[in-house]
Amino acid sequence: QVQLQESGPGLVKPSQTLSLTCTVSGGSITTNSYYWSWIRQPPGKGLEWIGYITYAANTHYNPSLENRASIARDTSKNQFTLQLRSVTPEDTAVYYCARSYLKGEYDYWGQGTQVTVSS
């Protein structure tokens, strides 16, 4: 059973960098054909895909966020990370990490972590 767990600060000040980590257990982030995504849901809105890192460490981002987002991984810890720079209150959301087979449906999700951007 694959499990994903998000972690990071729950409060970030405007203009700072939001940093989150997704720790994966029960499966390796380097297993062939799996993509590891970050997704968020602002209050009262739908899910927004932020980007992914693949099993081969290739990354791809939502065009609306690609100038501020960076996704990386640490294979020794079986973790992948999200950095979102220059945050504003509009970046307030529940942030999720999730796994998919290639670009298919997500089969495992983390429980989500609330991040609030406020001074």
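Colleague: Why is Asp91 called buried?

Modeller: Its relative accessible area is 2%. Buried means under 20%, so Asp91 earns the word in this predicted model.

Colleague: What makes Asp91 and Arg40 a salt bridge?

Modeller: Take the closest N and O atoms of the pair, which are 2.8 Å apart. The rule asks for a side-chain nitrogen of Lys or Arg within 4 Å of a carboxyl oxygen of Asp or Glu, so this pair passes. Asp91 lies in the loop between β8 and β9 and Arg40 in strand β4, so the salt bridge ties together parts that are 51 residues apart in sequence.

Colleague: How do you know that Arg40 is buried?

Modeller: By the same kind of check: Arg40 has 5% relative accessibility. The limit for buried is under 20%, so Arg40 counts as buried.

Colleague: Which salt bridge joins Arg40 and Glu48, and how far apart are the atoms?

Modeller: The side chains of Arg40 and Glu48 meet at 2.7 Å, N to O. That value is within 4 Å, so the pair is a salt bridge. In general, side chains of opposite charge can pair when their charged atoms come close.

Colleague: Why is Glu48 called partly exposed?

Modeller: Glu48 has 21% relative accessibility. Buried needs a value under 20% and exposed a value over 50%, so Glu48 falls in between and is partly exposed.

Colleague: What makes Arg68 and Asp91 a link between distant parts of the chain?

Modeller: Arg68 forms a salt bridge with Asp91, with 2.9 Å between the closest N and O atoms. Arg68 sits in the loop between β6 (59-61) and β7, while Asp91 is in the loop between β8 and β9, 23 residues apart. Both Arg68 and Asp91 are buried.

Colleague: What joins Arg40, Glu48, Arg68 and Asp91 into one network?

Modeller: Salt bridges that share partners do this. Asp91 bonds with Arg40 and also with Arg68, and Arg40 pairs with Glu48. The count for the model comes to four salt bridges.

Colleague: Now the strands. How do you know that β7 and β8 pair?

Modeller: Six bridges run between β7 (residues 69-74) and β8 (residues 79-84), in the antiparallel sense. Pairing needs at least two bridges, so these strands pair. To see it in the structure, find Arg73 opposite Phe80, and Asp74 with its bridge partner Gln79.

Colleague: Which other strand is joined to β8, and by how many bridges?

Modeller: That is β3, antiparallel to β8 and joined by six bridges. Ser19 has Gln83 as its bridge partner in β8.

Colleague: Which residues have the most contacts in the largest nonpolar core?

Modeller: They are Leu18, Trp38, Phe80, Leu82 and Tyr95, in a core of 26 residues. Strand β3 gives the most to this core, with four residues. Among the residues that Leu18 touches are Val12, Leu82, Tyr95 and Val115.

Colleague: Why is Trp109 called partly exposed?

Modeller: Its relative accessibility is 35%. Partly exposed lies between the limits of 20% and 50%, so the label fits Trp109. Trp109 lies in strand β10 (residues 106-109). With Leu47 and Tyr106, Trp109 forms a nonpolar patch on the surface, with about 280 Å² of accessible area together.

Colleague: What is notable about the phi of Ser15?

Modeller: Ser15 has a positive phi of about 80° although it is not a glycine. As background, most residues other than glycine have a negative phi. Ser33 has a positive phi too, near 80°, and Asn78, in the hairpin of β7 and β8, has one near 55°.

Colleague: Are Ser15 and Ser33 buried or exposed?

Modeller: Ser15, in the loop between β2 (11-12) and β3, has a relative accessible area of 59%. Exposed means over 50%, so Ser15 is exposed. Ser33, in the loop between β3 and β4, has 12%. That is under 20%, so Ser33 is buried.

Technical notes
Residues numbered from 1 in each chain as written. Predicted model: local features only at pLDDT ≥ 70, side-chain atom pairs only at ≥ 80, totals over all residues. Heavy atoms only, no water. Helix = DSSP H or I, 4+ residues; strand = E, 2+ residues; numbered from the N terminus. Patch = residues over 30% accessible without salt bridge, like charges linked within 9 Å, V, L, I, M, F, W, Y side chains within 5 Å. Areas by Shrake-Rupley, 256 points an atom, 1.4 Å probe, with all protein chains shown as cover. Buried < 20%, exposed > 50% of the residue type's maximum accessible area, 1.4 Å probe, protein only. Core = buried A, V, L, I, M, F, W, Y, C linked by side-chain atoms within 4.5 Å. Contact = heavy atoms within 4.5 Å. Lists of a residue's contacts leave out its neighbours within four places in sequence.
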